[in-house]
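Biologist: Could you take me through one part of this model up close, the way two of its helices pack, and then carry on to the aromatic pairs and a few buried spots? I'd like one connected walk rather than a list.

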Amino acid sequence: MVVHSASEQVLAGLDPEQRAAVTAPAGPVCILAGAGTGKTRAVTSRIAHRALSGEISPRHVLAVTFTARAAAEMRHRLTLLGAQGVQARTFHAAALRQVRYFAPRLLAGRAMPELLDSKVRLVTLAAARVGLRTDRAAARDLAGEIEWAKSSLVEPTEYVVAAARALRDTPHEPTKVADVFTAYEQLKRSNGVIDFEDMLRAAVWGIEEHPDVGEQIRSQYRHFVVDEYQDVNPLQQRLLDAWLAGRNDLTVVGDASQTIYSFTGATSAYLVDFPRRHRNATVVRLVRDYRSTPQVVGLANAVISQARGTEARLRLELSGQRPPGPEPDLRIFTDEPAEANAVAARCRSLIDAGTPAKEIAVLFRVNAQSEAYEKALTEAEVPYVVQGAERFFERTEVRQAMVALRASTRSIPGETPLPAAVVEALTAVGWAPDAPPAGGAARERWEALSALVQLAEEYAATPEVVPIGEAASVERPVTLTDFTEELARRAAQQHVPTVDGVTLASLHSAKGLEWDAVFLVGLAEGTLPTTYAKTVEQVEEERRLLYVGITRAREWLWLSYAAARSPGGRARRPSRFLPQLDRSGGTERATGGTGPARGPERRRTQTVSCRICGATLLAGPDRKLGRCPTCPSDIDDELHERLREWRQRVAGAQKVPAYVVFTDATLVALAERRPGRSEELIAIAGIGPRKLGLYGDSVLALVAGAGVDDVCPEKTFEISS
């Protein structure tokens, strides 16, 4: 009776859709969860409800996600719900634990190869071996390409064909990348090391090729949960399939509209195809957004409503649940320095009004955009932290600390509690658990090392559960060695602890985070979407990036772009993804910086969006056609020819040039848009009330299928002056 009441208590406070996800029957369950809809609450409540009701045992659950932070949050919530013992790990952490545990059996007594912290050093050597000189940035690009190939289950000999098929923008000529890939694999073997993809493959191999290993893992893990399922790559899916071994107690949660990592090999195809791959799957949609105001939610819906392609099939229309807030603010500036200065000034005013600096973020498409904002924030005396550019684990003091921690694994007794061991080890690099020292650089260094101590405390709170037999397991306290391996994994994943200050981050780095106030900057064509987005799929991913950025904001949202990169520079167009904010009451201001606007603030008279891709149309011909010049035309060629013949007859009867009747662009617009009513006809730019009265009936008849002779056999047209 107590167990039953505890399981029922888990359901308290859930909305109807969350409750449906939690109480869905055993078997395949797909939770489509929009931004801010409480997906973590739903999925952890599902695990806890099943465990507390006696349906499953917590120790038989494996929940996997993509960041250590998300895994830690999941473990914390499960503990609060009373479902201790669930293993919540990243894919890499779960695979590493299994490979390490079964290594004596899999390797026949040989030592387990060392796990590479980074591919860059070996990739640099591999490039040199094949005659390719690289700097660190180029080596990182090559390492990323190798990671994509290995995550996509592509071998070195298959790379050239696979890269061409995937339309990869390769850092070097594909055959040369393949040569580096081959040399890298050879260097790994000769050095006796493996990378993270090898470790995932080893886990798959251990299960698929060793029946005893597979049987023991299957007896331990019987129920699976995968978070952020839209980000799974083929190698991770292969591991998941190995874990499942044909069983179907699988819950996945994801949002196809937040698929923004396809360049790494991630694909939403597994999420999109889940109901087809798993017959009789339960599909639940979470659409109540508890994070953002209705104004922010409305803008997000407007942006993603124009999405096209595979991911758009699972598009969710969110419903804001918070009280109303300020309208999103769209601003135009003369140049990027003016835009950065205005953002810095607004950050300053928000902080002065009581908004914590850590609750403000400035988000941009590429890291190179951060320099202007770093300078402007510094001048405005606004504290900030750059996320995703100079990454936490790349900082000199953090690298030194990690070396000290690894060295201390040989000198600090194993029974020393982890937090105490970390504090002792960090004294070797000059850190002391006192008040932070004076001075910006010294304080920043102290805070970075303090973050390592905090990570150790969080990590020590979750002991490792080790299987010791078919139906038994024991808990083992985590050690300093475990912690150094965890730091290596986090370094590879670029996991950055929270630091107090305005966050400067790329849109990719912002995924999974949220702030009270968000600035989305540089929203100009060529930047978002980037000029490197060539295909329809790539452009759609750029649209999803903006959607992710918008949904990071809880209450206050600023969108801006500069008419030119530098003062007096070449004019640029706003991003095609920007919606018509006037419809939702949003404002648009044209200003030249942080001071008064140049001229009165004004609304745009009318915003015309591309009916194909949703871009904002500025050029007259584009506005008339109702589409971008690069978007595909759906013109009715036969109708176009009839319209041209009709125009020629009318112009001849009136003794005026043909363009006086309708321009070529207007004829194309008519043949593409095929208006059926006067209201649709007059909505086409270039057709006003006068021309509607003169030619409206004839044009509508032609669109409806009438012949030219039917509408003007002997007819003349008189034009009143």
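Modeller: Sure, here is the helix pair, followed by the rings and some individual residues. Keep in mind that this is a predicted model.

Let's start with helix α5 (residues 91-106) and helix α10 (residues 196-209), whose axes are 9 Å apart and make an angle of about 55°. That angle is neither in the 65 to 115 degree range nor under 35 degrees, so α5 and α10 are oblique to each other. Their crossing is left-handed. On the α5 side, the contact is made by Phe 91, His 92, Ala 95, Leu 96, Gln 98, Val 99 and Leu 106. Facing them from α10 are Phe 196, Met 199, Leu 200, Ala 202, Ala 203, Trp 205, Gly 206 and Ile 207. Sorted by character, the residues of this contact come out as 12 nonpolar, three polar and no charged.

Phe 91 gives us a handy way on to the rings. Besides meeting α10 as part of α5, Phe 91 belongs to a cluster that ring pairs build with Phe 66, Phe 224 and Trp 243.

Across the model, the count of aromatic pairs is 14. One of them is Tyr 229 with Phe 274: the ring centres are 6.2 Å apart and the planes stand at 90°, so this pair is edge-to-face. Tyr 229 sits in the loop between β6 (223-226) and α12 (234-244), while Phe 274 is in helix α14 (residues 274-277), so to speak a link between distant parts of the chain, 45 residues apart. Tyr 229 and Phe 274 are both buried. Another edge-to-face pair is Trp 646 with Tyr 695, with centres 5.6 Å apart and planes at 85°. Here too distant parts of the chain are linked, since Trp 646 belongs to helix α24 and Tyr 695 to helix α28 (residues 689-703), with their positions 49 residues apart. Trp 646 and Tyr 695 are buried as well.

While we're in α24 (residues 637-654), have a look at Arg 642, which is in that helix too. Arg 642 is buried, its relative accessible area being 13%. Leaving out residues up to four places away in sequence, Arg 642 touches Leu 702, Gly 705, Ala 706 and Val 708. Leu 702 falls within the span of α28, residues 689-703.

Another buried residue is Ser 268, in the loop between β7 (250-254) and α13 (269-272). Its relative accessibility is 3%. With the same sequence neighbours left out, up to four places away, Ser 268 touches Gln 230, Thr 259 and Glu 311.

For a whole helix tucked in, go to α15 (residues 294-304): eight of its 11 residues are buried, so α15 is largely enclosed by the rest of the structure. The buried ones are Gln 295, Val 296, Val 297, Leu 299, Ala 300, Asn 301, Val 303 and Ile 304. They pack against β9 (288-289), β10 (319-320), α22 (536-550) and β18 (553-562).

Last stop is Pro 337, in helix α16 (residues 336-352). Pro 337 is partly exposed, at 39% relative accessibility. The C-alpha atoms of Pro 337 and Ala 562 are separated by 8.6 Å, although the two residues are 225 residues apart along the chain. Ala 562 takes us back to β18, the strand at 553-562 that the buried residues of α15 pack against.

Conventions
Residues numbered from 1 in each chain as written. Predicted model: local features only at pLDDT ≥ 70, side-chain atom pairs only at ≥ 80, totals over all residues. Heavy atoms only, no water. Axes fitted to C-alpha atoms, helices over the stretch in contact; angles between N-to-C directions. Helix = DSSP H or I, 4+ residues; strand = E, 2+ residues; numbered from the N terminus. Parallel < 35°, antiparallel > 145°, perpendicular 65-115°, else oblique. Left-handed = near helix turned anticlockwise from the far one by under 90°. Contact = heavy atoms within 4.5 Å. Nonpolar A, V, L, I, M, F, W, Y, C, P; charged D, E, K, R; others polar. Buried < 20%, exposed > 50% of the residue type's maximum accessible area, 1.4 Å probe, protein only. Phe/Tyr/Trp six-rings, centres within 6.5 Å; stacked < 30°, edge-to-face > 60°.
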